[in-house]
Amino acid sequence: LDRSIPCYKTVIAETSRLLAAHLQSGDTVCDLGCATGTALLYFAKVLADHRLRFIGVDSSPAMLSKARLKAEFYVSDAAVSFEQADITEIDQPETGAFVLNYTLQFIRPVARPSLVQKLFENLRPGGLLILSEKTVLDDKRLNRIFIDIHHDFKREQGYTDLEIARKREALENILIPFTRQENAKILTEAGFRPVTTFFQWFNFTSFVAIKPH
């Protein structure tokens, strides 16, 4: 992800600061679309003194197998578990925080509001949702510039032009980004207050949304 998503490590590090500031002892942190568990295991390590429970959810058995292996090496004494499931059917009542990083963009647009609503309902009062997404702009010219800057970033990470083109083709009609305003609207309409961005790099945006007490 470091090669494809600019400032990925920064987003994860700053997310851990938000979790530390809002969570209570005994809370659960649930990472949806956790892949091989990189972010979740980082949270478990840096928040080890907060007495939290960490759950990673993903639909890929191969990804989860790698995540469990990594957990044995890096945080074997932490309360970390991984579950194979469809994140749209999540059922984790009274969760302290959901992390949804670069995952909602792969959910069908029509299904996104219902998923966010379900996350809101599964959070305890005062719980938070961290949402990071690739975003688009209404202004087509500026949006094209942002995309070109992202492609320059990929080249700096060692991607060839052919790899960039193939990746873009593979994700066409699969990764469907919303604007920053559209993402914020989904969060607000689900009931989150406040909703704000805490990080942005051109066409990548991270939000924090809190369930009111």
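**Figure 1. The exposed residue K9 and its salt-bridge partner, D2, in the predicted model****.** With a relative accessibility of 61%, K9 counts as exposed. Its partner D2 counts as partly exposed, because its relative accessibility is 36%. The closest N and O atoms of the salt bridge between K9 and D2 are 3.6 Å apart. The count for the model comes to seven salt bridges.

**Figure 2. A salt bridge between D148 and R144****.** The closest N and O atoms of this pair are 2.8 Å apart. Both residues belong to helix α5 (residues 140-156); because they are four residues apart there, about one helical turn separates D148 from R144. D148, at 35% relative accessibility, counts as partly exposed. R144 also counts as partly exposed, at 33%.

**Figure 3. A network of salt bridges that links D152, R155 and D161****.** Within this network, D152 forms a salt bridge with R155, and the closest N and O atoms lie 2.8 Å apart. D152 and R155 are both found in helix α5, where a spacing of three residues amounts to about one turn of the helix. The relative accessible area of D152 is 40%, so this residue is partly exposed. R155 counts as partly exposed as well, with 38% relative accessibility.

**Figure 4. Strand β8 (residues 204-210), a mostly covered strand****.** Seven of the seven residues of β8 are buried. In a regular strand, side chains alternate between the two faces of the sheet. In β8, F204, S206, V208 and I210 point one way, while T205, F207 and A209 point the other way; all are buried.

**Figure 5. The pairing of β8 with strands β5 and β7****.** Strand β5 (residues 123-136) pairs with β8 in the antiparallel sense over seven bridges. Opposite A209 of β8 stands L129. Strand β7 (residues 195-201) also pairs with β8 in the antiparallel sense, here over six bridges. T205 in β8 is the bridge partner of Q200. Two residues lie between the strands in the hairpin of β7 and β8, and in this hairpin F202 takes a positive phi near 45 degrees.

**Figure 6. A nonpolar surface patch formed by L69, F73 and Y74****.** Together, these three residues have about 400 Å² of accessible area. F73 is placed in helix α3 (residues 61-74). Because the relative accessibility of F73 is 65%, this residue counts as exposed.

Terms used:
Residues are numbered from 1 along each chain as its sequence is written. This is a predicted model: local features need pLDDT of at least 70, side-chain atom pairs count only at pLDDT 80 or more; totals for chains, interfaces and linings use all residues. Side-chain values use heavy atoms; hydrogens and water are left out. Patches are made of residues with over 30% relative accessible area and no salt bridge: like charges are joined within 9 Å, nonpolar side chains (Val, Leu, Ile, Met, Phe, Trp, Tyr) within 5 Å. Accessible areas come from the Shrake-Rupley method with a 1.4 Å probe; for residues, only the protein chains shown count as cover. A salt bridge is a side-chain nitrogen of Lys or Arg within 4 Å of a carboxyl oxygen of Asp or Glu. Buried means under 20% relative accessible area, exposed over 50%, partly exposed in between (1.4 Å probe, protein chains only). Two strands pair if DSSP finds at least two bridges between them.
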